[in-house]
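Biologist: I am new to this structure and would love a close look at a single part of it. Could you take me through the sheet and what surrounds it?

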Amino acid sequence: MSVLSRPAVRWTALVALWVLVGAVLWILLVQVFLLVMNPFCHLQRPSAAQVVVKSVDRDPNSAITDYVTVKQGEDERMLRMLKGEAEELREADEVWILNAWYSDGLRPTQYRLTPHRLLLEYPFLLLLPAAWALWRLKKIRQAVEDAPPPPIRRTFTDDFHLRAQRFAKPETETKEDPPRMNPDQHG
């Protein structure tokens, strides 16, 4: 019997998965709302690429981003990355970058590719393992419901105690019946 076949664990996992799905949908809704409300936003193709860092330049006009010049194959590109991520880069470093799915003038358009950043930029990817886990919980529930019930436990008793009861004292009556009158007697 697996741990997930227990109802309490199964319901806890089910609630946690639906909370995760709700949180992902909320994040997606907020991202789409921000995209619609910002007139300077435009969609760009999401992608990841391995690049070689050429130089890191400070952006004096932005408190959030810096410019990073990279070489991808034969092409040179100028990336806008977070200041913290740009400071960690050195010339001739080979790194993987992730293009955000939309670009505006306020936030970076590229990030270092990490699992954490991937889930922050593309939270809908969490829906795939959540859908698999929900399907798996459904299969486990069906298996538990289709399983035969446990056998009835039978206990065998001897009849010694039953035979010994015939010699027990009779129970005392707490109520006494009122005397009955004979219908022939008229009082």
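Modeller: Happily; here is a walk through the sheet, its pairings and the residues packed around it.

First, some ground rules. This is a predicted model, in which local features need pLDDT of at least 70 and side-chain atom pairs count only at pLDDT 80 or more, while totals for chains, interfaces and linings use all residues. Residues are numbered from 1 along each chain as its sequence is written, and side-chain values use heavy atoms, with hydrogens and water left out.

The sheet is open and has five strands in the order β4-β3-β2-β5-β7, with antiparallel pairing. Strands here are DSSP runs of E, at least two residues long, numbered from the N terminus, and two strands pair if DSSP finds at least two bridges between them. At the edges are β4 and β7 (110-112), each pairing on one side only. On average, neighbouring strands of this sheet are turned by 50 degrees against each other, direction ignored; the axes behind that angle are lines fitted to C-alpha atoms, and angles run from 0 to 180 degrees between N-to-C directions.

Let us start at the β4 edge. Strand β3 (residues 65-72) pairs with strand β4 (residues 75-82) over eight bridges, in the antiparallel sense. Within this pairing, Y67 faces R80 in β4. Together β3 and β4 make a hairpin with two residues between them, and G73 in the turn has a positive phi of about 70 degrees.

On we go to β2. Strand β2 (residues 47-57) is antiparallel to β3, with five bridges between them, and V53 stands opposite V70 in β3. Six bridges then join β2 to strand β5 (residues 94-99), again antiparallel; here V52 is across from E94 in β5. Finally, β5 and β7 pair over three bridges, also antiparallel, where L98 sits opposite Y111 in β7.

Now for the packing. A nonpolar core is a set of buried Ala, Val, Leu, Ile, Met, Phe, Trp, Tyr and Cys residues joined through side-chain atoms within 4.5 Å. The largest one has eleven residues: A49, V51, V53, V68, V70, L79, M81, A86, L89, V95 and I97. Strands β2, β3, β4 and β5 are the elements that give two or more residues to this core, and β2 gives the most, with three. In soluble globular proteins, nonpolar side chains tend to be buried together. V68 shows the core from one residue's viewpoint: not counting residues up to four places away in sequence, its contacts (heavy atoms within 4.5 Å) include V53, L79, M81, A86 and L89.

What about a charged-looking name such as D66, buried or exposed? D66 belongs to strand β3 and is buried, with a relative accessible area of 0%; buried means under 20%, exposed over 50% and partly exposed in between, using a 1.4 Å probe and protein chains only. The side chains of D66 and K83 are joined by a polar contact of 2.8 Å, that is, a pair of N or O atoms within 3.5 Å, where within protein one must be able to donate a hydrogen and the other to accept it, and residues adjacent in sequence count only if both atoms are side-chain atoms. Not counting residues up to four places away in sequence, D66 also touches others, among them D57, R58, L79 and A86.

Technical notes:
Helices (H or I, at least four residues) and strands (E, at least two) are DSSP runs, numbered from the N terminus.
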